[in-house]
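Walk me through this fold, starting from its contacts and ending at its open space. Keep it brisk.

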Amino acid sequence: VASWEQVGKSTLLDQSVAMNQRGGGTSALIDSEGARDSVYMATLGVDLDKLIRIQADTIEACFEAIGTVLDGQQKLAETYELQPLLIVWDSIGGTPAMAELDGDADGKHMMVAARNIKMNLRRIHNRLLPLRAALVCANHFYIKPGPDRKSTRLNSSHTDIYRMPAS
């Protein structure tokens with residue numbers, strides 16, 4: 001789920017968690033930004049007592065936690081009929097790679113993070129369907145539409161720069 005900041009991505013994800021829980025499913029939330037309002041989540045119908053909350057500082061730690069949740073679902077599959085598992089990661093783009101935190105990214109932290117995410121998504125994607133699991137990630141755009149909705153505005157400090165599409 002990708003969109004501009006402050007348009008309701010987290011609310012949409014929280015409502016998805018609530019719907020999954022109402023249907024008997026298990027939900028896990030990776031809140032990389034630490035900005036979740038538990039009271040608001042509860043008003044949307046999220047059962048906070050049943051929600052698996054994951055605090056992870058890096059992309060690697062998030063994927064490790066996802067693997068652990070999937071391992072738990074795999075163990076349930078051996079003895080019980082599986083209920084849906086929804087894993088929500090908000091925000092994937094706001095989670096740094098370990099190399100970025102260690103200072104080893106040499107100014108290429110976005111490329112390192114993208115490569116890391118791609119590699120880990122490839123590693124887990126075949127596990128999701130057989131386990132009745134879904135991974136939903138939120139991210140926000142950094143480029144905003146211009147006033148004419150055809151150009152894009154790049155915010156740089158206090159200067160607005162407009163880029164018009166090729167005609």
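A salt bridge here is a side-chain nitrogen of Lys or Arg within 4 Å of a carboxyl oxygen of Asp or Glu. The model is a predicted one. Under that cut-off, the structure holds three salt bridges.

Start with Asp-14 and Arg-36. Their side chains meet in a salt bridge, 3.0 Å from N to O. Asp-14 sits in helix H1 (residues 9–22), while Arg-36 sits in the loop between S2 and helix H2 (38–43), so the contact ties together parts that are 22 residues apart in sequence. Both Asp-14 and Arg-36 are buried.

Arg-36 has another partner. The side chain of Asp-90 meets that of Arg-36 in a salt bridge of 2.7 Å, N to O. Asp-90 belongs to strand S4 and Arg-36 to the loop between S2 and H2, so this pair ties together parts that are 54 residues apart in sequence. How accessible are the two side chains of this pair? Asp-90 is buried, with a relative accessible area of 4%. Arg-36 is buried as well, with a relative accessible area of 14%. Taken together, Asp-14, Arg-36 and Asp-90 form a network of salt bridges.

The remaining bridge joins Asp-71 and Arg-127, again at 2.7 Å from N to O. This pair links distant parts of the chain: Asp-71 is in helix H3 (residues 59–79) and Arg-127 in helix H5 (residues 109–128), 56 residues apart. What is the exposure of its two ends? Asp-71 counts as partly exposed, at 39% relative accessibility. Arg-127 is partly exposed too, with a relative accessible area of 25%.

Now follow Asp-90 back into its strand. S4 covers residues 85–90, and six of its six residues are buried. In a regular strand the side chains alternate between the two faces of the sheet. In S4, which of the two faces is covered, and by which residues? Both faces are covered. Leu-85, Ile-87 and Trp-89 lie on one side, with Leu-86, Val-88 and Asp-90 on the other, and all are buried.

S4 has strand partners. Strand S2 (residues 26–31) pairs with S4 in the parallel sense, over six bridges. Within this set, Asp-31 stands opposite Asp-90 of S4. S4 also pairs with strand S5 (residues 133–140), in the parallel sense and over six bridges. There, Trp-89 stands opposite Cys-137 in S5.

Trp-89 leads on to an aromatic contact. How many aromatic pairs does a search of the whole structure find? It finds one. The rings of Phe-63 and Trp-89 have centres 5.1 Å apart and planes at 80 degrees, so the geometry is edge-to-face. Phe-63 lies in helix H3 and Trp-89 in strand S4, so the contact ties together parts that are 26 residues apart in sequence. Both Phe-63 and Trp-89 are buried. Helix H3 thus appears in two of these contacts: through Phe-63 here, and through Asp-71 in its salt bridge to Arg-127.

Cys-137, across from Trp-89, raises the matter of disulfides. A disulfide is a covalent bond between the sulfur atoms of two cysteines. The cut-off used is a sulfur pair within 2.5 Å. By this rule the count is zero. Cys-62 is in no disulfide, and the nearest cysteine sulfur, that of Cys-137, is 9.2 Å away. Cys-137 is likewise in no disulfide, with the sulfur of Cys-62 as its nearest, 9.2 Å away. Are these cysteines buried or exposed? Cys-62 is buried, with a relative accessible area of 0%. Cys-137 is buried, with a relative accessible area of 19%.

Finish with the open space. Rolling a probe the size of a water molecule over the atoms shows where empty space is left. The largest pocket holds about 420 Å³ of space. Its lining is made of 20 residues, and those nearest the centre are Gln-6, Ser-10, Glu-33, Ala-35 and Asp-90. Asp-90 thus has a place both in this lining and in the salt-bridge network. Which elements supply at least two residues each to the lining? They are H1, H2 and S5. The largest share, four residues, comes from H1.

How values were computed: Residues numbered from 1 in each chain as written. Predicted model: local features only at pLDDT ≥ 70, side-chain atom pairs only at ≥ 80, totals over all residues. Heavy atoms only, no water. Buried < 20%, exposed > 50% of the residue type's maximum accessible area, 1.4 Å probe, protein only. Pairing = 2+ DSSP bridges. Phe/Tyr/Trp six-rings, centres within 6.5 Å; stacked < 30°, edge-to-face > 60°. 1 Å grid on protein atoms, 1.4 Å probe; cavity = no way out; pocket = protein on both sides within 12 Å on 5 of 7 lines; lining within 4 Å. Points joined across faces, edges and corners; volume = space filled by probe spheres on them.
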